[in-house]
Amino acid sequence: MPVPKVGFLSGLSGRLLLVTAIFVLIAEILIFVPSVANMRLMWLRDRLNTAAAASVVIEGLPDQELPRSVQQETLMATGAKAIVLKKADASRMVAAVEMPPTVDEQYDLSDVSTPAAVYDAFDTLLFGGDRVIRVYGPVGETTTRIELLLEDGALRRAMLRYARNVFFLSLFISLVTAAPIFFALNRLLIRPVRGMTANIREFAADPSNPARVLRPSGGRDEIAVAGIHLAAMQQTLQRTLKEQKNLADLGLAVSKINHDMRNILSSAQLMSDRLSDVDDPVVKRVAPKLLRSIDRAVGYTTEVMSYGRMREPEPRRRFVSLRPLVQEVSEVLALDTRGDIDFVVEVEPALQVDADGEQLFRVIHNLCRNAVEALSQDIAAERRAVIVTGIRTGSVVSIAIEDNGPGMPQKARENLFTAFRGSARSGGTGLGLAIARELVLAHGGTIALVEKVTPGTLFRIELPDRPVPLDAFRHRA
């Protein structure tokens, strides 16, 4: 899969800078909204104050109309079309154009709420410019009110200049604010992420090279913890790859040995067949067992590569007497000739198991061989024994293999049933337990290590009977 090229704007750095600037601009907009409303109110109040100052002079004059020139100067000073002074119940036109214009909007500046000020400000910005408005408010702390009629074009132009200045100032502030945030986050986040990405790319190119494993930064933040986990995962992957390579090499070696071993066993099988013609009681008693062992060895060589293919042949299940099978395991292990290890079979003669006899033999043989090897290392024990018990409960047969040896080491417990890692002794491969588990699972059963109070190891196998098809049951009936 092609890896896309990361540019500045498409990478995290550019996006981080852009997002930071956008959020600062949003903050500036939230500040701009009330400020532009306040600017509009201040502009209108300034016009009212100018008109109020002019009205103070007019208050001292006799009740007569001002000259046209004075009115023009007063209107020019305030930018208004008309100025009206109201006191008590009387109103006086201070100055006005010859024909006062029609009023489009009117605003009372004596009491303006914030939402109303914001609404009026944006109404002027968006739709103003050619309207005549009426603005009125009190003169200082007196009861006198001043009223202006003016066009909102000058107000809108002043508001636009103010908005433009605020925009450029906000843009400058956002960039100045975003820059240090960008460089700080780039150093704290982006650079470590880029380093981890580069390490992953280099490790993928040569995962077996120990030098490609990430070296954690030693910090205590989330990225440092992620680096520690990544380094641990890479080390685990390297060990797994090494084990897989060893397994592949072992499979190649076993396939070569298997080819020659089958020829040797075939020759031994032919020679063993002639032993049955020897007229000797000992030979006649031993020959059948020898032939069965050789036949089993030939079968093993045929199926020895099945574990490397991650599968075992499907069980050929039938009801097998468990006690003779366990006794045959004892004979193969030659425990009757050793005398230093007792082999106790606590299985009823009538107990039968619905299983593949050869595969069940391999399971019990692997577990019993491990028990014998553990007992052989425990020289200090007075009475060493392997006990095999079997009991049927309904349609499930439970088989237990127990010994009173030193027990299973903690490392073997942590890697139980794992090939090449679950061995309980030095030099072991752990294949016995892995194969036993695979065969038991193929029968739909379970195998588990059972904790016990006394020293030793106890494995329990539970094998269920196959469901009986209805047609077979009717045929048998």
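This briefing goes through the fold, the annotated spans, the side-chain pairs and a few single residues of the protein shown above.

The model is predicted. The protein has 477 residues, and 35% of them count as buried. Its secondary structure consists of 12 helices and 12 strands.

**Overall picture**

- Contacts between residues with a separation of 6 or more can be sorted by how far apart the partners are in sequence, and 68% of them join residues 24 or more positions apart.
- The accessible surface of the protein is about 29400 Å². Carbon and sulfur atoms account for 59% of that surface.

**Spans annotated in UniProt**

- An unreviewed UniProt entry lists residues 16–37 and 166–185 under "transmembrane region".
- In the model, residues 16–37 are 100% helix and 0% strand. The C-alpha atoms at the two ends of this span lie 32 Å apart.
- Residues 166–185 are likewise 100% helix and 0% strand in the model. Here the end C-alpha atoms are 28 Å apart.

**Aromatic rings**

- The protein has one aromatic pair. The pair is made by phenylalanine 167 and phenylalanine 168, with ring centres 5.4 Å apart.
- The planes of these two rings are at 70 degrees to each other, and the pair counts as edge-to-face. The cut-off explains the label, because planes over 60 degrees apart are classed as edge-to-face.
- Phenylalanine 167 has a relative accessible area of 47%, so this residue is partly exposed.
- Two arginines lie over aromatic rings. Arginine 40 is placed over the face of tyrosine 107, 4.6 Å from the ring centre.
- Arginine 47 has its charged end over the ring of tryptophan 43, at 3.9 Å from the centre of that ring.

**Salt bridges**

- The count of salt bridges in the protein is nine.
- One of them joins the side chains of aspartate 46 and arginine 47, with an N to O distance of 2.9 Å. Arginine 47 is also the residue whose charged end sits over tryptophan 43. Aspartate 46 is partly exposed, because its relative accessibility is 40%.
- Another salt bridge is formed by aspartate 108 and arginine 145, at 3.4 Å from N to O. This pair links distant parts of the chain, as the two residues are 37 residues apart. Aspartate 108 belongs to strand β3 (residues 105–108), and arginine 145 belongs to strand β5 (residues 145–151).
- Both ends of that bridge are partly exposed: aspartate 108 has a relative accessibility of 29%, and arginine 145 has a relative accessible area of 28%.
- A further salt bridge connects arginine 131 with aspartate 123, at 2.9 Å from N to O. Both arginine 131 and aspartate 123 are buried.
- Asp123, Arg131 and Asp152 belong to one network, joined by salt bridges that share partners.

**Helix α7 and serine 330**

- Helix α7 covers residues 322–332. Its buried residues include Leu322, Leu325, Val326, Glu328, Val329 and Ser330.
- Serine 330 lies in this helix. The residue counts as buried because its relative accessibility is 12%, and the cut-off for buried is under 20%.
- Leaving aside residues up to four places away in sequence, serine 330 touches Leu335 and Phe343.
- Just after α7, alanine 334 has a positive phi of about 60 degrees.

**Alanine 434**

- Alanine 434 is part of helix α11 (residues 431–442). Its relative accessibility is 8%, so alanine 434 counts as buried.
- Threonine 418 is 16 residues away from alanine 434 in sequence. In space, the C-alpha atoms of these two residues are 5.7 Å apart.

**Arginine 466**

- Arginine 466 is found in the loop between β12 (457–464) and α12 (470–476). With a relative accessible area of 39%, this arginine is partly exposed.
- Arg317, Arg318 and Asp354 are touched by arginine 466, not counting residues up to four places away in sequence.
- Aspartate 354 is 112 residues from arginine 466 along the chain, with 7.1 Å between the two C-alpha atoms.

Key. Residues numbered from 1 in each chain as written. Predicted model: local features only at pLDDT ≥ 70, side-chain atom pairs only at ≥ 80, totals over all residues. Heavy atoms only, no water. Helix = DSSP H or I, 4+ residues; strand = E, 2+ residues; numbered from the N terminus. Buried < 20%, exposed > 50% of the residue type's maximum accessible area, 1.4 Å probe, protein only. Contact = heavy atoms within 4.5 Å. Areas by Shrake-Rupley, 256 points an atom, 1.4 Å probe, with all protein chains shown as cover. Phe/Tyr/Trp six-rings, centres within 6.5 Å; stacked < 30°, edge-to-face > 60°. Lys NZ or Arg CZ within 6 Å of the ring centre and 35° of its normal. UniProt positions renumbered as here; feature names shortened; annotations may be inferred. Salt bridge = Lys/Arg side-chain N within 4 Å of Asp/Glu carboxyl O.
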